[in-house]
Amino acid sequence: MPFAHSDAGRIHYQVEGDGPPLLLHHGFTSSLEAWRFFGFTEALRPHYRVIMFDALGHGQSDKPHQTEAYSQLQRCRDALAVLDALDIERAHFFGYSLGGWVGYGLVRHAPARLSSLVLGAAHPYADTSWNGFHGIDGRDPEAFIATFETLLDERISPQVKMLIRGNDLVALAVAAQQPRPSQEDLLAHMDLPCLMFCGDADARHDAVRRTAALLPRGQFVSLPGVTHFGGLMQSQLVLPPVLQFLAQQA
């Protein structure tokens with residue numbers, strides 16, 4: 001089982017396919033297996049060297065219980081550690097939700113490592129909804145899930161709740177307490193190709209659409225009837241524009 005070594009811990013990653021490198025970053029409470037389960041890996045690996053990794057606190061990666069381990073800068077270092085382990089200088093980056101937050105961080109801290117960005121359900125504006133996790137220590141799964149539902153402004157299905165309960169919720173609770181201040185200053189520097197998408201049943205939809213319109217090389221795709229959690233589950237809607245966008249970058 002391959003691991004990259006970051007200063008916050010070991011980061012588990014997997015690689016499939018051949019072609020231009022494409023780094024995938026999943027969302028909060030998920031893992032790299034989501035890309036495979038929902039069909040992304042199968043569709044992308046004939047065209048790209050698909051690099052999937054478990055974000056710190058998730059999957060098979062280390063799970064520290066200190067909030068400082070989960071800063072945006074540290075998560076960027078974790079992503080770069082995976083690229084470094086594979087001797088990759090630049091890659092396309094596809095991040096969903098938490099992964100999109102990390103994508104903005106890479107624009108700030110390591111823009112030379114990016115070939116293009118695909119950001120799902122993530123915007124650069126201040127998000128105080130994460131403050132709801134203050135006081136949540138992860139020892140009560142139901143309180144954790146209820147807080148997450150409030151943050152997302154949607155109900156979580158029983159199947160997804162079961163997957164969430166399988167996580168180290170103490171690690172994820174401290175990770176969730178990282179602040180999400182505005183990053184609007186990045187918009188003036190995001191001159192690389194960028195595809196943004198979001199479900200129109202996701203509370204973040206308008207903010208993501210507004211962001212894409214402000215980017216000189218930004219594109220936006222609205223997913224009809226799709227919620228935040230559905231943004232990766234509905235791969236039949238997401239994959240066509242993603243594949244088209246990435247093909248344009250060749």
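Two strands pair if DSSP finds at least two bridges between them. Helices (H or I, at least four residues) and strands (E, at least two) are themselves DSSP runs, numbered from the N terminus. Everything below comes from a predicted model, where local features need pLDDT of at least 70 and side-chain atom pairs count only at pLDDT 80 or more, while totals for chains, interfaces and linings use all residues. Residues are numbered from 1 along each chain as its sequence is written, and side-chain values use heavy atoms, with hydrogens and water left out.

**View 1. Strand E3 and its partners E4 and E5.** E3 covers residues 21-25, and 5 of its 5 residues are buried (under 20% relative accessible area; exposed is over 50%, partly exposed in between, with a 1.4 Å probe and protein chains only). In a regular strand, side chains alternate between the two faces of the sheet. Here, Pro21, Leu23 and His25 point one way from E3, and Leu22 and Leu24 point the other way. E3 pairs with E4 in the parallel sense over 5 bridges, and Pro21 has Arg49 as its bridge partner there. With E5 (residues 91-96), E3 is also parallel, over 4 bridges; look for His25 bridging to Gly95.

**View 2. Strand E4, from its other partner, E2.** E4 is largely enclosed by the rest of the structure, because 4 of its 5 residues are buried. Strand E2 (residues 9-16) pairs with E4 in the antiparallel sense, over 4 bridges. Find Tyr13, and you'll see Phe53 of E4 opposite.

**View 3. Helix H5, end to end.** H5 has 12 residues (141-152), so at 1.5 Å a residue (times one less than the number of residues) it should span 16 Å, and its end C-alpha atoms are indeed 16 Å apart. At the start of H5, a side-chain oxygen of Asp140 comes within 3.1 Å of the backbone nitrogen of Glu142. Just after H5, Asp153 has a positive phi of about 60°. Among the buried residues of H5 are Phe144, Ile145 and Phe148. Helices H6 (158-165) and H7 (169-176) are included in what covers the buried residues.

**View 4. Arg180, a buried residue with no salt bridge.** Arg180 is in the loop between H7 and strand E7 (194-199). A salt bridge needs a side-chain nitrogen of Lys or Arg within 4 Å of a carboxyl oxygen of Asp or Glu. For Arg180, the nearest side chain of opposite charge is Asp127, 5.2 Å away (Lys and Arg count as positive, Asp and Glu as negative; His and the chain ends are not counted). Leaving aside neighbours within four places in sequence, Arg180 is in contact (heavy atoms within 4.5 Å) with residues including Trp101, Tyr125 and Trp130.

Key:
Polar contact = N/O pair within 3.5 Å; in protein donor to acceptor, adjacent residues only side chain to side chain.
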